[in-house]
Amino acid sequence: MAAPIDAGIVRRHAQAMGLADLGRASIREIKKIVDLVEKDTGLRFIRMEMGIPGLPAMQAGVAAQIEALKMGVAAAYPDIQGIPALKSEIARFVKLFLDVDVNAEHCVPTVGSMMGGMATFMTVNRMWADREGSLFIDPGFPVQKLQCKLLGHDYFTFDVFEHRGEKLRPKLESYLKTGKVSSILYSSPNNPSWICFTEDELRIIGELATQYNVVVIEDLAYFGMDFRKDYSRPGQPPFQPTVAKYTDNYILLISSSKAFSYAGERIGMMVVSDAVWNMRSPDLLRYYSSDQLGHGLIFGAIYCLSSGTSHSAQYALAAMLKAVNDGQVNFVDQVREYGEKAKVMKQLFLDHGFTIVYDKDLEDPIADGFYFTFAYPGMSGGHLLSELLHYGISAITLDITGSDRTEGLRACTSLIKRDQFPDLEARLKQFQQDHPV
Ligand SMILES: Cc1ncc(COP(=O)(O)O)c(C=O)c1O
């Protein structure tokens with residue numbers, strides 16, 4: 001039986017967008033092609049390319065944002081460093097869920113963690129003129145490397161899968177010893193592989209960051225979402241593991257997009273340690289009016305990027321954090337559905353001849369969460385993606401995530417509704433029949 005979508009349709013749209021190789025296409029480019037193919041064919045895709053939350057926004061935020069708009073905040077510019085009520089709730093959240101003390105003044109709202117990353121690269125990576133840029137512990141979120149590229153920064157990257165546990169130390173040191181690294185970035189839980197760093201690994205990262213005086217950018221976009229542990233109770237262990245326990249050289253990026261399903265309002269949190277905030281370097285004067293990182297971050301980077309973060313969204317985030325900090329809302333329970341869907345979806349792939357690429361988290365099977373990675377025997381990631389698009393299934397290649405594993409794709413579980421599982425199963429079945437191994 002032929003695939004449900006004519007190959008010519010996909011090819012035509014890819015060519016019109018100037019994409020010679022779908023395997024190198026960005027998440028947004030794949031999304032655009034799938035939007036067009038869906039429109040042309042009327043077929044509803046199994047859309048696994050983009051990490052859009054598939055759940056309703058946290059209600060405490062929506063109510064507070066509406067209230068703030070009615071109060072008239074839309075007319076006024078917000079302070080670029082954030083409204084005081086939000087800054088103190090961020091500091092409280094960090095204490096209650098990470099067990100780390102931070103200064104509320106150094107807790108800054110950003111236009112999503114995307115902007116937090118950009119502002120961090122613009123300051124941290126410019127502190128030392130003789131260093132080259134960030135070291136990405138990959139696989140990772142492709143846009144962050146794009147941000148570095150846009151800024152004209154170099155970067156280093158390695159796939160961590162073969163360097164877990166104690167093996168992480170020599171691998172990291174081999175880069176740090178060059179003296180060219182200014183910051184280290186990773187996400188944990190990891191997008192796309194869903195690897196979660198252990199306390200021992202975070203200790204290694206933290207110790208080396210202190211030793212080589214580099215700044216760790218810890219991206220907690222999936223805060224609390226390692227569902228094997230319960231990180232949801234304020235002030236009670238276990239706490240979400242963090243490098244902040246092991247070094248003073250850290251910046252935390254905490255997104256509200258997934259944990260609070262607030263992606264649309266583009267608001268995230270940047271938490272800067274006292275040590276990093278107060279770092280001084282004459283090289284910063286090339287770009288900023290002060291040699292102090294915290295000053296350059298607020299009155300240089302954030303001022304120029306967006307002049308702060310949407311006023312009403314700040315009220316929303318303050319209210320969501322308050323509800324969570326006060327123990328009125330369990331934000332982890334609200335997103336557990338992702339892990340449950342992942343379990344079913346992974347099984348459907350395995351039942352139809354696919355394999356899981358990043359299948360282990362140290363000795364344990366990889367947890368069920370927001371993403372999983374899969375491959376089909378004998379196919380590169382690019383080939384598999386182009387083939388699956390003809391079956392109404394979309395994803396992104398691991399190639400663009402800094403992964404060494406060129407054969408795989410990343411699937412995002414969030415947008416798939418449970419009523420699409422029978423469609424997914426039928427399409428995978430047909431794919432397997434059409435591609436005998
Ligand atoms: C690892 C990672 N970092 C950052 C982001 C961006 O978060 P935000 O929506 O807060 O900009 C994402 C979004 O998918 C992500 O996966």
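This is a short talk on how the helices, sheets and ligand shell are arranged in one predicted model.

Let me start with the bigger sheet topic, the one with mixed pairing. The sheet is open and has 7 strands. Their order is β2-β8-β7-β6-β5-β3-β4. Which strands stand at the edges? They are β2, residues 107-110, and β4, residues 154-159. Each has a single partner strand, so one side of each is left without a neighbour in the sheet. From one strand to the next, the twist averages 20°.

Now look at one pair inside that order. β7 covers residues 250-255, and β8 covers residues 268-272. The two pair in the antiparallel sense, over 5 bridges. If you want a register check, take I254: its bridge partner in β8 is M269.

Next, what packs on this sheet. Helix α5 does. It touches β2, β3, β5, β6, β7 and β8. For your selections, β3 is 133-138, β5 is 181-187 and β6 is 215-219. The direction of α5 makes about 160° with that of β7. Helix α6 lies across β3, β4 and β5. Against β3, α6 runs at about 165°.

Stay with α5, because two helix contacts involve it. A quick reminder on the language: two packed helices are described by the angle between their axes and the distance between the axes.

Contact one is α5 with α10. α5 spans residues 112-124, and α10 spans residues 293-305. The angle is about 125°, and the axes are 9 Å apart. That makes α5 oblique to α10. The crossing is right-handed. Who meets whom? On the α5 side we have M115, M118, A119, M122 and T123. On the α10 side we have L293, G296, L297, A301, I302 and L305. By class, that contact has 9 nonpolar residues, 2 polar and no charged.

Contact two is α5 with α6, residues 142-150. Here the angle is about 35°, with the axes 10 Å apart. This crossing is right-handed too. From α5, the residues are M114, G117, M118 and F121. They meet V143, Q144, Q147 and C148 in α6. The split is 5 nonpolar, 3 polar and no charged. Note M118: it appears in the contact with α10, and it appears in the contact with α6.

On to the ligand. How many residues surround it? The count is 13. The closest are G112, M114, A221, S255 and S257. Which element gives the most to this shell? It is α5, with 3 residues. By class, the shell has 4 nonpolar, 8 polar and 1 charged residues. M114 deserves a second look: it is among the closest to the ligand, and it also meets α6.

Now the other sheet. It is open, with 4 strands in the order β9-β12-β15-β14 and antiparallel pairing. The edge strands are β9, at 355-356, and β14, at 396-397. Each of those pairs on one side only. β14 is joined to β15, residues 409-412, by 2 bridges, and the two run antiparallel. Within that pair, T397 stands opposite L409.

One more helix pair, α1 and α2. α1 is residues 7-16, and α2 is residues 27-41. Their axes come within 10 Å and cross at roughly 135°. The two are therefore oblique to each other. α1 passes α2 in a right-handed crossing. I9, V10, H13 and A14 in α1 meet I33, L36, V37, D40 and T41 in α2. That contact divides into 6 nonpolar, 2 polar and 1 charged.

Last, some backbone details to check in your own setup. Where are the cis peptide bonds? One joins S188 and P189, with omega about -5°. Another runs from N191 to P192, with omega near 15°. P189 lies in the loop between β5 and α8, where α8 is 199-211. P192 also lies in the loop between β5 and α8. Then there is D99. Its phi is near 60°, a positive value in a residue other than glycine. D99 sits in the loop between α4, residues 84-98, and β2.

Methods: Residues are numbered from 1 along each chain as its sequence is written. This is a predicted model: local features need pLDDT of at least 70, side-chain atom pairs count only at pLDDT 80 or more; totals for chains, interfaces and linings use all residues. Axes are lines fitted to C-alpha atoms, for helices over the stretch in contact, and angles run from 0 to 180 degrees between N-to-C directions. Angles under 35 degrees count as roughly parallel, over 145 as roughly antiparallel, 65 to 115 as roughly perpendicular and the rest as oblique. A crossing is left-handed if the near helix is turned anticlockwise from the far one by less than a right angle, and right-handed if clockwise. Two residues are in contact if their C-beta atoms, placed from the backbone, lie within 7 Å. Ala, Val, Leu, Ile, Met, Phe, Trp, Tyr, Cys and Pro count as nonpolar, Asp, Glu, Lys and Arg as charged, and the others, Gly among them, as polar. A residue is near a molecule or strand if its C-beta atom, placed from the backbone, lies within 6 Å of it. Two strands pair if DSSP finds at least two bridges between them.
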